Amino acid sequence: MFINFWYCAATTENVGEQPLQVRMLGQDFVLFRDSAGSVHCLNDVCAHRGASLSHGKLQGNLIQCPYPGWRYDGSGACQHIPTLPESSRIPARARVDSYPTIEKHGMVFAFLGDLPEDQRPPRLEVNEWGDDGWSSIVQQWELGYPYMRAVENAMDVFHNDFVHPEFMVPDAAQGNREVPLFDFTETEWNTTFMTRLPNNELDDSVIPSVEGDSIAQVNTGHIGVSSYFSFVQISAEQRLCLYFYATPIDRLHTRLFLVTTRNFMPGEKHDQEMIQGNEHVVMQDVAVIGGIRPYTTPANNVTELLIAEDRGVAAYRERVKEWTAKGWRIDSAALAADEGLSVYAVPSPARKESSNWVINPVPLI
Ligand code: FES
Ligand SMILES: [Fe+2]
């Protein structure tokens, strides 16, 4: 698991009147909405004696700890200590980490790390959200395998014939075709490529067929460590775009958010069909990925036999090595050995300006 990336923390509709506890990167965070409607993300551990802020309540723009009632603002600064005489100042260390947030495309993203704004890796943007002629849905699942396995699955487009036999590829072509990768591109943050499908016959028991020319092609890639996409050109006019945000809950569990945009089957009346189609496909992946051993991506490729078609997976793993070399990787083995006895915080940008914090930062490799 890595600090210094944007993660999807929740859907917009999940963040309501009450503070919401969200576990990410093996740590607990609290999300809450201030009276202006802005969402804040704080470390969930009160600087006083460690109570969970998400068990507290909102007092105007402040979140009040459920224990002796310290109140914090969205920047993580404590603004009120009930027992402090009015003449006393609130100690400088009375604060918790606060993480930059962006609410967009029906989701709340949090930047979990300490990089200043101009150095942060890009977020996967939903290009068509709200555009004329496009419809969108948002879904989420909790998965019992590590997020990197989900990204690798997307980078391995060859699994589609076998794991999703009724999805895009007609019977005659399944499992018996070369799948060249076109326009294979690697950058500091992304790996992307194109593939072509034999034609655009969709199994309408899963996803309703659409009429059109036979030029189906798919643009696949990952953006950063945990986001990936699949843009499917079903016909000359029809496009289906899948945006995945695989947020690590901890080293073995993942919360997967999926935004799907489409310029066919318009409007809410077709949403349910799309939701069921995605559910079907994701569960087909889950059935296979949940059985991969080892659970976590191996540190090197020695215990696997990668071949040329695994180029997408290999490129992603190269990026992961580079991000590890930057010192962004959480030392999960150290956390596991600690058995949760210590408390940690993912470092926030404010830690670059001051080292005066109550909670220690998570150990990094
Ligand atoms: S633990 Fe939060 S106010 Fe004491
Ligand atoms: Fe799949």
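This is a short guided tour of a predicted model, with a selection to make at each stop.

**Stop 1: the whole chain**

Start with everything shown as a cartoon. The chain holds five helices and 20 strands. Along the principal axes, its C-alpha atoms fill a box of roughly 80 × 50 × 35 Å. How does the radius of gyration agree with that of a compact globule? For 365 residues, such a globule would have a value near 21 Å, and the chain has 22 Å, which agrees. Of the 365 residues, 38% count as buried. Among contacts with a separation of 6 or more, 60% are between residues 24 or more positions apart.

**Stop 2: two domains**

Next, colour residues 5-119 and 135-321 separately: these are domain 1 and domain 2. Their centres, taken over C-alpha atoms, are separated by 34 Å. Where the two touch, eleven residues come from domain 1 and 13 residues from domain 2. On the domain 1 side, β1 (5-11) and β2 each supply at least two of the residues. The largest share of that side, four residues, belongs to β1.

**Stop 3: a four-stranded sheet in domain 1**

Now select β2, β3, β4 and β9. These four strands form an open sheet in the order β2-β3-β4-β9, with antiparallel pairing. Which strands stand at the edges? They are β2 (20-24) and β9 (98-99); each has a single partner strand, so one side of each is left without a neighbour in the sheet.

Zoom in on β3 (residues 27-33) and β4 (residues 39-43), an antiparallel pair with five bridges. Show the side chains of phenylalanine 32 and histidine 40 here: phenylalanine 32 stands opposite histidine 40, which is in β4.

**Stop 4: the nonpolar core**

Show Ala9, Leu31 and Leu112 as spheres. In the largest nonpolar core, which has 80 residues, these three touch the most other members. Both domains take part: domain 1 (5-119) and domain 2 (135-321) each give this core at least three residues.

Stay with leucine 112 and show what surrounds it. Setting aside neighbours within four places in sequence, leucine 112 is in contact with Ile3, Phe5, Tyr7, Met24, Leu25, Tyr99 and Val346.

**Stop 5: strand β18 and its partners**

Move to domain 2 and select residues 253-262, which make up strand β18. Is this strand mostly covered or mostly open? It is mostly covered, with nine of its ten residues buried.

Add β12 (residues 135-143), which runs antiparallel to β18 and is joined to it by nine bridges. In this pairing, isoleucine 137 has threonine 260 of β18 as its bridge partner. Then add β17 (residues 239-250), also antiparallel to β18, with ten bridges between them. Here proline 248 is the bridge partner of threonine 254 in β18. Follow the backbone from β17 to β18 and you will trace a hairpin with two residues between the strands.

**Stop 6: helix α4**

Select residues 311-325 to bring up helix α4. How far apart are the end C-alpha atoms of this helix? At 1.5 Å a residue, its 15 residues should span 21 Å, and the end C-alpha atoms are 21 Å apart, which agrees.

Show the side chains of the buried residues of α4: Gly312, Val313, Ala315, Tyr316 and Arg317. The buried residues of this helix pack against α1 (147-155), β13 (182-186), β14 (190-196) and β15 (217-223). Past the helix, look for glycine 327, which follows α4 and has a positive phi near 85°.

**Stop 7: two residues to finish**

Pick leucine 305, in the loop between α3 (268-289) and α4. Is leucine 305 buried or exposed? With 7 C-beta neighbours inside 10 Å, leucine 305 counts as exposed. Draw a distance to alanine 9: the two are 296 residues apart in sequence and 35 Å apart in space, C-alpha to C-alpha.

Finally, find histidine 80 in strand β8 (residues 78-80). Histidine 80 is partly exposed, with 15 other C-beta atoms within 10 Å. Leaving out residues up to four places away in sequence, histidine 80 touches Leu62, Trp70 and Arg71. For one last distance, choose glutamate 309: histidine 80 and glutamate 309 are 229 residues apart in sequence and 58 Å apart in space, C-alpha to C-alpha.

Methods
Residues are numbered from 1 along each chain as its sequence is written. Chains are lettered from A and ligands numbered from 1 in the order in which they are written. This is a predicted model: local features need pLDDT of at least 70, side-chain atom pairs count only at pLDDT 80 or more; totals for chains, interfaces and linings use all residues. A nonpolar core is a set of buried Ala, Val, Leu, Ile, Met, Phe, Trp, Tyr and Cys residues joined through C-beta atoms within 7 Å. A residue is buried if 20 or more other C-beta atoms lie within 10 Å of its own, exposed if 12 or fewer, and partly exposed in between; C-beta atoms are placed from the backbone. Domain bounds come from an automatic or database domain assignment. Two residues are in contact if their C-beta atoms, placed from the backbone, lie within 7 Å. The expected span of a helix is 1.5 Å times one less than its number of residues. The radius of gyration is taken over C-alpha atoms; the globule rule is 2.2 Å times the number of residues to the power 0.38. Two strands pair if DSSP finds at least two bridges between them.
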